[in-house]
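Reader: Hey, can you walk me through this protein model? I'd like to go piece by piece.

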Amino acid sequence: MRTSNSSSLRIALLDDHALIRLAVEARLSRERDICVAGLYRSGGELFESLRRDAVNFLILDFWLANNEIDGLRLIRSIRNHYPDLPILVSSSEESPAMIQLMRGSGANGFCGKSQEIDELVKAIRMVASGCAYFPQLEVEGHKSRKIAEAGQLAGDSNQSISMNALLNHPALSVREQEVLRCFLDGVSVSQMAVRFSRSHKTISAQKQAGLRKLGIGSDQELFKMCRI
């Protein structure tokens, strides 16, 4: 990837939704010092462009089409090939636990798609200035820092490492960790009640408490995160 001598910020945007690509491009076109150098719908298109075009900033969606590389691997791959390229993730995936994994994988900032689009402009400028931009994590405080550290050690992002990054969250009690780990292994609440000599109600409460501390709203979201 060639670097640009222009003082303008040349942005490549990767998102598999055409309307989002066009909406972001339209908003950024109002900024005099920002140029949208390319719009891409797949990781392959993006990497092909990075080899030939001069960009100095990347906005990256996290969940792409089903046949695409997953978000964490994509961030790491970009970081490995272009270590100095600022990466801002803009995604509908806004759980604190997952944002920590994005940060640990090499993203420089995050702006949720539930935010106003002017918040995206603010995030771009913060990251372009060399600052990290993770306001959701600032609200959460520092209790999730170990997840980010685990994400940095994740190498090629296999399933077991990502799962451990979540289940080793420092806010989880030992019993909450073991209940969530068993749940992910396919053990039912009733089976755990027998295994741990606890009531069905206690197991369910520990599971829900663990999900709440991870910022996860449903069983489906937990499984989705641990498939990465």
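**The sheet and the helices**

Author: Sure, starting with the sheet: five strands make an open sheet with parallel pairing, in the order β2-β1-β3-β4-β5. Strands here are DSSP runs of E with at least two residues, helices are runs of H or I with at least four, and both are numbered from the N terminus. Two strands pair if DSSP finds at least two bridges between them.

Reader: Which strands stand at the edges?

Author: β2 (34–40) and β5 (109–112) do, and each has a single partner strand, so one side of each is left without a neighbour in the sheet. From one strand to the next, the twist averages 20 degrees. Angles run from 0 to 180 degrees between N-to-C directions, and axes are lines fitted to C-alpha atoms, for helices over the stretch in contact.

Reader: Is this from an experiment or predicted?

Author: This is a predicted model, where local features need pLDDT of at least 70 and side-chain atom pairs count only at pLDDT 80 or more, while totals for chains, interfaces and linings use all residues. Residues are numbered from 1 along each chain as its sequence is written, and side-chain values use heavy atoms, with hydrogens and water left out.

Reader: OK, what does the pLDDT average?

Author: The protein averages 82, and 83% of the residues score at least 70. pLDDT is the predictor's confidence in each residue, from 0 to 100.

Reader: Where does pLDDT stay under 50?

Author: One stretch is residues 150–161, for which the model has 18 contacts beyond four places in sequence. Another is residues 2–6, with seven such contacts. Contact means heavy atoms within 4.5 Å.

Reader: Back to the sheet. How many bridges join β1 to β2?

Author: Six bridges join β1 (residues 9–14) to β2, and the two run parallel. In that pair, L9 stands opposite I34 of β2. Helix α1 (residues 18–28) packs on the sheet, where it touches β1, β2 and β3 (57–60), and its direction makes about 170 degrees with that of β2.

Reader: Now helices. How do α3 and α4 cross?

Author: The axes of α3 (residues 71–81) and α4 (residues 96–105) come within 9 Å and cross at roughly 20 degrees. The two helices are therefore roughly parallel to each other. The cut-offs are under 35 degrees for roughly parallel, over 145 for roughly antiparallel, 65 to 115 for roughly perpendicular, and oblique for the rest.

Reader: And which residues make that contact?

Author: L72, I75 and R76 come from α3, while L101, M102 and S105 come from α4.

Reader: What about α9 and α11?

Author: α9 (residues 174–184) and α11 (residues 200–214) pack at about 95 degrees, with their axes 9 Å apart. They are therefore roughly perpendicular to each other. Among the residues in the contact are V179, L180 and F183 of α9 and I203 and L214 of α11.

Reader: What does α10 do with α11?

Author: The axes of α10 (residues 189–196) and α11 come within 8 Å and cross at roughly 110 degrees. That makes α10 roughly perpendicular to α11. V189, S190, M192, A193 and F196 in α10 meet H200, I203 and S204 in α11.
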